[in-house]
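Please walk me through this structure, with attention to its aromatic rings and to the strands that carry them.

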Amino acid sequence: MNWTDHGEIQVAGLNGVAPFTNNSWAPGMARKVVDGEEKFFLYYANGGGSSNVITGGSPLGPWTSERTSTLIDGRTPGAEDVAWKFDPAPFVDDDGEEYLYFGGGPASTSMPAAERFNNPKNLRAIELGDDMVSTEGTAAVVDAPVAFEAAQVFKRDGRYYLSYSSHFGGPDFGGNQTPLPGYPAAARSAT
């Protein structure tokens, strides 16, 4: 395969497409026809505390921001207890419904140690608006075993798959615990 480097997309900072964000990484992209126009949506992490989206007419841009504030942050209903509101991963289903998966990081210390390890409940899914730059409703918990970050969803032959990175254990995840039978080991990709 031959690749062409089209350069950096200046997203954050004073000269960026979305100057209200500080930095950007861990992007996810989706394509959708909105109001008869094909658009591409580049979702990105803005540090650990929020995620945002910019839009373009092609995968190469030019890129613009239809927002004046971050898409996912501490004000997002259902995401208040998520330590890291990053790693945004869009998913557009066959019926046209749009979702965004995000989150990760340490589990809530109010949970029992074994639950923090085995089911940290630190990933979320929220419905996107038809415009793909807004959210609707409340983020739902994605109860993925031993989850840490980097959730992605895809569909194949009528079945949905969630992949993600499992955590490394340690005090943020209940200390020295034993994974439940069939659960992924620490620090692995899981599906």
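The paragraphs below take up the aromatic pairs, then a strand sheet, and finally a glutamate.

The model is a predicted one, and it holds six aromatic pairs. A pair of aromatic rings is described by the distance of the centres and the angle of the planes. In one of the pairs, phenylalanine 91 and tyrosine 160 meet edge-to-face, with 6.0 Å from centre to centre and 75° between the planes. This pair links distant parts of the chain, since phenylalanine 91 belongs to strand S5 (residues 89–92) and tyrosine 160 to strand S10 (residues 159–166), 69 residues apart. As to burial, phenylalanine 91 has a relative accessible area of 10% and is therefore buried, the limit for that class being under 20%, whereas tyrosine 160, at 43% relative accessibility, counts as partly exposed.

A second pair to look at is that of phenylalanine 148 and phenylalanine 168, whose ring centres lie 5.9 Å apart and whose planes stand at 85°, so that this pair is edge-to-face. Phenylalanine 148 sits in strand S9 (residues 147–156), while phenylalanine 168 sits in the loop between S10 and strand S11 (189–190), so the pair ties together parts that are 20 residues apart in sequence. Phenylalanine 148 is buried, at 11% relative accessibility, but phenylalanine 168 is exposed, with a relative accessible area of 60%. Both residues belong to one aromatic cluster, which is formed by Trp84, Phe86, Phe148, Phe168 and Phe173.

Strands S9 and S10, named above for their aromatic residues, also take part in a sheet. Strands of a sheet pair through backbone hydrogen bonds, either parallel or antiparallel. Here three strands form an open sheet in the order S9-S10-S11, and the pairing is antiparallel. S9 and S11 stand at the edges with a single partner strand each, so one side of each is left without a neighbour in the sheet. Between S9 and S10, which run antiparallel, there are seven bridges, and the bridge partner that phenylalanine 154 has in S10 is tyrosine 161.

The last residue to consider is glutamate 98, which lies in strand S6 (residues 98–103). Is this glutamate 98 buried or exposed? At 0% relative accessibility, glutamate 98 counts as buried. If its neighbours within four places in sequence are left aside, glutamate 98 is in contact with Lys32, Phe91, Val92, Ile126, Glu127, Leu128, Gly129, Asp130 and Met132. Among these contacts is Phe91, the residue that forms an edge-to-face pair with tyrosine 160.

Methods: Residues numbered from 1 in each chain as written. Predicted model: local features only at pLDDT ≥ 70, side-chain atom pairs only at ≥ 80, totals over all residues. Heavy atoms only, no water. Phe/Tyr/Trp six-rings, centres within 6.5 Å; stacked < 30°, edge-to-face > 60°. Helix = DSSP H or I, 4+ residues; strand = E, 2+ residues; numbered from the N terminus. Buried < 20%, exposed > 50% of the residue type's maximum accessible area, 1.4 Å probe, protein only. Contact = heavy atoms within 4.5 Å. Pairing = 2+ DSSP bridges.
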